[in-house]
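Student: Please pick one part of this model and go through it closely. Then set it against the rest of the chain.

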Amino acid sequence: MKKLLDRIKDYTELITSIANCEKQITPILQGFITNFPDYTDHSINHSKSVLDYAELVLSEELNKLNEDEVYILIMAGFLHDIGMCPTSKMKTRILGSDKFIESNKSFENYLREIHHELSFEYITTHWEKLGIINETYAHAIGMVGMGHRVVNLLSFEEYKPEFIVKSGTEYVCLPYLAAIIRIADELDITNDRTPELLYSEYLPKNVISKKEWDKHKANYFVNFRHQTIKITAKCSDKDIYYALLKHYNKIEDVIRYVQKVVTTLPSNERNLKIDYVKLEKDIQTVGFIPKNIGFTFDLQNTINTFIGTNIYENKFVAIRECLQNAIDSCRFKLHLNKSDYKPELCVRLKDNTLIISDNGIGMDDFIVENYFAKLSKSYYTESKISREFEAISQFGVGVFSYFLLCDYFDVETTQDSKETLRFRVTKNAENYFYFFDSSDRNTTGTTITIHLSEELEFDELIKQIRHHIRFLDFPIKVIFEENQEIINSEIFEIDKFNLLEKHVGREYKEVLNDLITVDAEFSDEYCEGALGMLMRQENNTFIPINQYDTLKTYSTSEIEVSQKGIYLGRFPSRIVKSILGKINLKHKNEIDLGRYKIKDGDVLDRIYMNFYKIIVKKVFDNWKNKEAETRYKLCRDFIGYYFDYHLLYGEEILSLMYNNMFVKVYDGTDIKHIPIEETFKFEDIIILRKETPFDTLRTFKDIDYSAVYKQVNCPIVIENWSPTASFILNFYKARKNLIRIVCTENQWFFKISLQKTATTNDFDEILSDRYRGSETYEFDNPQHICASTNISIETPFNLKNKIVNFYLNNRSQNKNNKGVSLLYKEFFIELSKFWYDFHNYPDTQQKAVDEINYFNQLLNKINKDQGTGFKLTQQDFPNWMNEKIQWDKIE
């Protein structure tokens, strides 16, 4: 766990908390032997081993974690098994509980099943004793620790991807941290610790197996490389060998699950990932030949996987999958018989059965045997069909979802001029399909009869069909007794109440009622739909809103996306905020198995852009007759509230901004409000937010513009609101204007040369989530290593500085030198963080000596490898920083 601790070594409070916790829990965890006299090691040694594996699983991703996440991960690693050691009060309560009594299990076995829940309880109720900083951290640690067992990490309401532990801009991704702990815990079967499978099946039975396990431990290694976790082992006991194979299967299941967790994170701006996607096993056997006869594809387990919550969110997706197959069948037949075919699709609820019937192409023996009965093989993906017909189906596994509603279902199907097939499919994979010798169906198509395990109400059936089948080119008839309902395609209307129902509190529903959406309808060969931007309207004027101040929620962007008429899910706008609506993708895009995520994450951004352009133009047209100052104020709020100021927007948006976005400019004489296109008549301009480099981002002070003008000798774009100022800067960057970092006695300024184009230098290797060296800046002082302006959180590096320049010029030679590459990366990222914090957080200035000494230690390591003599000195820093740094104490 050394790397984890090194990552937060400068955070005294966190390190102290960890040390105190370790001291407190070491004797407590040793007490697990009281409850599990014959079981495996869950002492502090296991906790530390789990954290060692966590480091290996994280690999380079560790650098993406903030200090709070590292702290929570370490503490959760220490405490995830503390539920194995319940207090006497907890033990008494458990022994007297109805659940324990009804379980008919020993205390040892029952405790093993629920110990992860007890760990959460223990952590959140004894956090002070455990040395945890506060209750909020304790909750996060408890959730991550509990996540090492079979809790649902995909429940993002409980496992919040953006859990707040303190004020600021950073957050903690609970499901990601829990996923790391879960896989690390499974990998630790060394360190005097046996996996549960061995405990339950083999070890308690005889002493010989224990001795053989001791031999196995001595020859057990886990390696991480090339997206693969490789386990190398030597085994001389066949029982242990086969038990290990089972445990490795469990590890593979965990790898798949945590990959699903990470890839479905609703908010993952840092691109958090787990690199390892497969497990490789290399087991050398001694004294026996492992003939794995009988170890075949576990079809039943696979079926259980495909009908479980690992893929589907609820049982009613079976209705979607069944209807989807029927729709594909009808559409394919329509494709083949365009002139005289009319699709018919009927859903009937009768005598506790759900009957879905279509008049599509039907199936014959060949299709049933080679496609319907074959896992992961879809008839419509065959090249001869897929070349001319695009089906909804992608994976060939949807039929297994039917078992979410039943234990068996019947199929009746007929193709033109072929006999009708009628057969039964059961949940038991060992059973063959049962073919009946008679059938009532005599028309082409297919009927699926699902024998429901639980009662299904007609209203619920209607609700589920309307939810999943949104934009269908033919109606669905739904029948129950004397009731009949026809479900037609939805219309593209924007229902703000429905879309924001889960996000807006009851007391703000009336406020929502007073808001409007500025709508855009769009249709082309790729998509169709309607999106709208949430705004207020006063005297026919669109007024931008602050989403949180208005509705007390940041979740004001909800777009319902369907594909080929079938609902996929809600995919919020990532580029423009407060966008509501629904769209239908006319062509098939690759999606995940559960149909909840589109693999090409950018495809929706490209499609949404068609709507953004219409909406933005409508907004600007609404303001075109306003006075210049009013337009400026509206534009400032519009940009600040709706646009991500970190992004470099494309030409579609920039062209609209160019003519319509008003900015505030001081030209040396007067303050004027002009379209941003008029700034291009100047040779240079600067963007100004604050007067000194030490005003924080949220500081608003009056500025003596004339004094600043004398320093920079060019017009000033004035914007004291950070989001809008950053957007304006990015506007010029996207236009490829050269941006100079001008250093005066008191301040840095962004000076944009409007008549010059920036050169490009690839500097991607020192990017981080918040700090970057950028190719679009040019420093007027060649010695300063970087700058922290007061407009944005960017910390540009100076490509002329001797350290940065040497790095750039030798990057290709150092490409395969992983050690020095990591040193450079750590140096640049940590230095940029320090630079930014120094100007925005006064506490950082007090740590400047320690920080600079740390940077110079990194440079010393680089010097030894590269034969250089780099050291940070006063020349690398501006005067106003040097005045606050005690250089005489720098080593």
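**One sheet and its surroundings**

Tutor: Seven strands, taken in the order 19-18-21-20-23-22-24, make up an open sheet with mixed pairing. Strands and helices here are DSSP runs numbered from the N terminus (E of at least two residues for a strand, H or I of at least four for a helix), and two strands pair if DSSP finds at least two bridges between them. Strand 19 and strand 24 (777-779) are the edge strands, each pairing on one side only. On average, neighbouring strands of this sheet are turned by 35 degrees against each other, direction ignored. Axes are lines fitted to C-alpha atoms, for helices over the stretch in contact, and angles between N-to-C directions run from 0 to 180 degrees.

The model is predicted: local features need pLDDT of at least 70, side-chain atom pairs count only at pLDDT 80 or more, and totals for chains, interfaces and linings use all residues. Residues are numbered from 1 along each chain as its sequence is written, and side-chain values use heavy atoms, with hydrogens and water left out.

At one edge, strand 18 (residues 662-666) and strand 19 (residues 671-675) run antiparallel and are joined by five bridges. Phe662 stands opposite Pro675 of strand 19. These two strands form a hairpin with four residues between them, and Gly668 in the turn has a positive phi of about 100 degrees. At the other edge the pairing sense is parallel: strand 22 (residues 737-743) and strand 24 share three bridges, with Ile739 opposite Tyr777 in strand 24.

Helix 23 (residues 628-642) lies across strand 18, strand 19 and strand 21 (716-718), and runs at about 115 degrees to strand 18. Contact means heavy atoms within 4.5 Å. Phe643 touches Ile575, Val576, Lys577, Val616, Phe638, Tyr649, Ile653, Met657 and Phe727, leaving out residues up to four places away in sequence.

Phe638 and Phe643 also belong to the largest nonpolar core, which has 114 residues; together with Tyr732, Ile785, Phe827 and Leu872 they touch the most other members. Helix 22 (residues 602-623) supplies the largest share of this core, twelve residues. A nonpolar core is a set of buried Ala, Val, Leu, Ile, Met, Phe, Trp, Tyr and Cys residues joined through side-chain atoms within 4.5 Å; buried means under 20% relative accessible area, exposed over 50%, and partly exposed in between (1.4 Å probe, protein chains only). Apart from the largest core lies another, of 95 residues, including Ile25, Ile44, Met146 and Ile181.

For comparison, the chain has an open sheet of eight strands in the order 8-7-6-9-5-4-10-11, again with mixed pairing. Its edges are strand 8 (434-435) and strand 11 (483-487); each has a single partner strand, so one side of each is left without a neighbour in the sheet. Strand 9 (residues 445-452) is antiparallel to strand 5 (residues 353-358), over six bridges, and Ile448 in strand 9 is the bridge partner of Ile356. Strand 9 also pairs with strand 6 in the antiparallel sense, over seven bridges, and there Ile450 is the partner of Phe409.

Strand 6 (residues 406-414) is mostly covered, with seven of its nine residues buried. Six bridges link strand 6 to strand 7 (residues 421-426), again antiparallel, and Val411 stands opposite Phe423. Six residues lie between the strands of this hairpin, and Ser417 takes a positive phi near 65 degrees.

Helix 15 (residues 317-336) lies across strand 4 (345-350), strand 5 and strand 9, at about 15 degrees to strand 5. Leu336 lies in this helix and counts as partly exposed because its relative accessibility is 48%. Between Leu336 and Phe389 the sequence separation is 53 residues, while the C-alpha to C-alpha distance is 9.4 Å.

On the scale of the whole chain, there are 31 helices and 24 strands. Of its 891 residues, 54% count as buried. Among contacts with a separation of 6 or more, 68% are between residues 24 or more positions apart.
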